[in-house]
Amino acid sequence: MPRITVDGRELEVSEGRTILQALDDLGLLMNGIEIPHYCWHPKLSIDGSCRLCQVEIEGIPKLQIACNTPVKDGMVVRTKTERVKRAREGVMELLLVNHPLDCPICDQAGECKLQDYAYEYGVPHSRSKEPRRAAKKRVDLGPGVVFDQERCILCRRCTRFCREVPGTGELGVFQRGDRSVIETFPGTALDNPYSMNVTDICPVGALTTKDFRFKIRVWFLDDVHGVCTGCSNGCNVYLSVANNRVYRYLPRRNDSVNQTWICDAGRMSYKEIGSESRLKHAYVRSASGSLEVSTYADAISAASARLRRLIERQGPGVIAAVASAHATNEDLYTLRRLLEALGTEAAGFAVPLGDHDALLVKAEKAANAAGARALGFVDANGLVDRIRGGGIDGLIVMGHDLLDPAYVGEPAVLSHLDTVIVLDTHRSEMERVAHVVLPVRHAAEKSGTLTNHDGRVQRVHPALEPAWEAYADGEVLARLGASLGFEGFERKWDVRAVSRELAAELPAFAGKDLGSVGELGKPLADASR
Amino acid sequence: MLKVPYVTNYLSEHFAEDAYATLEGYERRGGYEAARKAITKLTPDQVVDVVKASGLQGRGGAGFPTGLKWSFMPKGADKPRYLACNADESEPGSFKDRILMERAPHKLLEGILIAAWATQSQTTFIYCRGEYAFPGAQIARAIEEAYAKGYLGKRVMGSKFSHDVVLMMGAGAYIAGEETGLLESLEGKMAKPRKKPPFPAEYGAFGMPTTVNNVETFCHVPHIIGSGAEWFKGFGTEKSPGTTIFGVSGHVVRPGLYELPLGTRLDEIVFEHAGGLSAGRKVKGVIPGGMSMPILPAGQLDVPMANEFLRERKSMLGTGGIIVMDDTTCMVRVGWIVTYFFRDESCGQCTQCREGTGWMHKIFERIERGAGSRDDLEILLDVAAKMDGQTICAFADAAAWPVQGLLRHFREDFEAHVAHGKCPFPQSFEL
């Protein structure tokens, strides 16, 4: 492998990479070695046009762009010389000559690379006395994205993205010189399942999502590491949070999962967290047959009383559980333990299905279907057959509308059961047949791990606190176990301890507990995939 | 229409004969003998060696050694290799390739054929400036004749060598004359120059190894192969051999084309060949090689027209398009025109070029309108410096150099505008 020296630091790099690529491979780019850049993006083809990444290379008289200069053994690169500094100042000054400098009304302010680099690498004053280019401020490019032509610095990341990632190529550069402008090709709109990624890679405030723009100033936001729960791909995201509310998902780079992208549907799935249809109260079915709001503690007691009565009358074999592919590995492990304590083996997991594509979108529309499988749950359809056959009289259903035609279909199948206990994040049709309904936390509201379709165990962090009483599924199940007086459920449920226990018990999860998977996750041991 | 340069030499000596543009007329004057010699008697490497030995430099503006360029083409038959002929002559002040195509299209085809043999290329794409309708038609007709005669197509001249020539008419952008902009345009895309690496010899037209040469460059090749490298070196200077066809325009009595050895003095061209200026007028400045090249003031016209001498005066031979300006010329206005052109023609990819050309033009406009200030001159020089040598292609250099030249030699014009708050020269047109 070639060795190069950058600012006196000797580095071993991969053959056939350019300087920026090699530094990115090593995780050093803008993280120890500062080579500012606009047009270059690690997941797009090299453009070489913004000219900001110029560096000095020993033996080459002219400055070279680091994005397109292949590494060579013995190459000596300097990024901090006076010439490099002047070149950067030149690019920054020229980029700002026609820029509207409308930061006070620009949604990108605070996370704008033009602001950041102007501050870091530019000159403090503008020497231009000339009128700035006036252009369209609000171009509707498609269903998700608005474009401000004046702010555009023509790095062409967006045009390359559309051509190279979704392959739709809706965007192009039209005209030339300082009249160049990004537009959709005649008769097309920026309308593809990944369209809003252009707003993430746009280094300035030119491309913004209709959804997020003007909602909040970005400096009020905290970015919490998380995982999109829209499908089983488990795209890594930042949850931008303020005022105990998630304002957006941004894709978080994970080269093993989602590169730097997220699909539009997944990006918008943050809205489920603060949705009006969240389940905010516990309910218990009264003697008169109606569901009544209950305290959480009473609802747990009611659930355990019904289960105890059922065990006493018919034995534990008539109790079954439907695991949720939305729940974490820790939640599901606790369900396993509860089923063991109950003494029943009747269980399955349910997952909603939908469209998929070749890029990121997976058909299983829940984040932890693979985790459910790895934890020994099988598809719930077999269980549904048993329910239909009359062999089941008590049912715990986690986070799935089992009345979905893909599973049960008509309510009559469930309405004759003695006991139906529902744990859910959102209100659902299941309330028609439930005897006890218990609100649980969304993945954005709790700690835990999720296993994506590829068997990668990934961590989620609590980004916000629900404004109503709700617990992780695991905690609710543990409380139910405690209420039933089962051994091993005496102590308060602690996700970290459960995660360690899970990793110790199941070989596939060895070393994949909450504290060990890191922010980019770790794959399950091969055998379990 | 000018059919013959006012001064001719080996390239243009038969241009007076209309038949010279036909295959028959061209062969009557010994045409295609050099190609026949190359293909039947010389190996490709021998041809490259002769061209290397001749010292021929590209006539498209950059002056790169032609034989060396050919030698960059990879050997081996794993991929088709291509040639591209840059006939997109667009440099303001240049009109030499046009007459070569109009009067001697077969000379161009013969040069292409020899170069194709030398580089073992299977196809040549001639990219002809769109506005050059007649030169393009001449080339198209010559190609047809050459195919009919078996000089193009399969088994050229009865040999085992095959070669096709395809003519493409351009669509009107100056930047399509930049070699990789040309390749993009050839492929049907906007003429946005490509970043290097990869260079065209590795990844050129349609991704295949490609060598791009200018029309005039190809036209010298039959003479070099026919008469030898030593003969060729008998013209011009030691470092810049051969003739070139200078195009003289502007305030001279006899604007036109002059085929003269490289190294001919600029003042000889302006005053003797082109007849000097009208009575009572004096030279103020001369652009020696097309609008991209820095201007020289009246006192520096004693320079031999070859790169090794022009570089000492901080200019270059470029395309040999000489633009003469007399003492009524406002150099701020010249700057306005020059930067208008480069602003209009910049492809807009690179930051410095896209923004710098426009900024410079706006400054020239303000100075010419009388609203300039002294610091504008420093800003102009600084912007030009930031453009020079920092972009994907040489366009930004070409836009920066003339500005640097104007400010180097005619600073007093700029200062007069600033001092008087208006243009002190008679104005020939509205801005």
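**Figure 1. Chain B, split into its domains.** In this predicted model, chain B breaks up into domain 1 (18–233), domain 2 (243–326) and domain 3 (331–420). Take the C-alpha centres of domain 2 and domain 3 of chain B, and you get a separation of 22 Å. Where these two meet, domain 2 of chain B puts in ten residues and domain 3 of chain B puts in 13 residues. On the domain 2 side of that contact, six residues are nonpolar, three are polar and one is charged. As for confidence, chain B has a mean pLDDT of 96, with 99% of its residues at 70 or more.

**Figure 2. Where chain B touches chain A.** Here 26 residues of chain B meet 25 residues of chain A. Three helices of chain B, namely H13 (331–345), H14 (351–368) and H15 (374–387), each bring at least two residues to chain B's side of the contact. H14(B) is the top contributor to that side, with ten residues. Sort chain B's touching residues by type and you find seven nonpolar, eleven polar and eight charged. The model comes with an ipTM of 0.93 and a pTM of 0.94.

**Figure 3. Helix H9 of chain B, mostly under cover.** This helix spans residues 215–227 of chain B, and twelve of its 13 residues are buried. The buried set takes in some charged and polar names as well as greasy-looking ones: among them are Glu216(B), Thr217(B), His220(B) and His223(B), along with Phe218(B), Val221(B), Ile224(B) and Ile225(B). Pro222(B) and Gly226(B) are buried too. Just after H9(B) comes Gly228(B), with a positive phi near 95°.

**Figure 4. A glycine out in a loop of chain B.** Look for Gly280(B) in the loop that links helix H11 (266–273) to strand S7 (283–287) of chain B. Why does Gly280(B) count as exposed? Because just 7 other C-beta atoms sit within 10 Å of Gly280(B), and the cut-off for exposed is 12 or fewer. Asp327(B) is 47 residues away from Gly280(B) in sequence, yet their C-alpha atoms are 9.8 Å apart in space.

**Figure 5. The five-stranded sheet of chain A.** This open sheet of chain A runs in the order S2-S1-S5-S3-S4, and its pairing is mixed. Strands S2 (9–12) and S4 (64–65) of chain A sit at the edges with a single partner strand each, so one side of each has no neighbour in the sheet. Further in, strand S1 (residues 3–6) and strand S5 (residues 76–78) of chain A pair in the parallel sense through two bridges. Thr5(A), for one, has Val76(A) in S5(A) as its bridge partner. Helix H2 (residues 82–97) of chain A lies across S3 (54–57) and S5 of chain A, and runs at about 160° to S3(A).

**Figure 6. Chain A, stepping back.** Chain A carries 13 helices and 23 strands. Its C-alpha atoms fill a box of roughly 90 × 50 × 35 Å along the principal axes. The domain assignment gives chain A a domain 1 (3–80) and a domain 2 (282–440 + 472–506), and the C-alpha centres of these two are 53 Å apart. Of the 529 residues in chain A, 50% are buried. Among chain A contacts between residues at least 6 apart in sequence, 64% link residues at least 24 apart.

How values were computed
Residues are numbered from 1 along each chain as its sequence is written. Chains are lettered from A and ligands numbered from 1 in the order in which they are written. This is a predicted model: local features need pLDDT of at least 70, side-chain atom pairs count only at pLDDT 80 or more; totals for chains, interfaces and linings use all residues. Two residues are in contact if their C-beta atoms, placed from the backbone, lie within 7 Å. Helices (H or I, at least four residues) and strands (E, at least two) are DSSP runs, numbered from the N terminus. pLDDT is the predictor's confidence in each residue, from 0 to 100. Domain bounds come from an automatic or database domain assignment. A residue is buried if 20 or more other C-beta atoms lie within 10 Å of its own, exposed if 12 or fewer, and partly exposed in between; C-beta atoms are placed from the backbone. Two strands pair if DSSP finds at least two bridges between them. Axes are lines fitted to C-alpha atoms, for helices over the stretch in contact, and angles run from 0 to 180 degrees between N-to-C directions.
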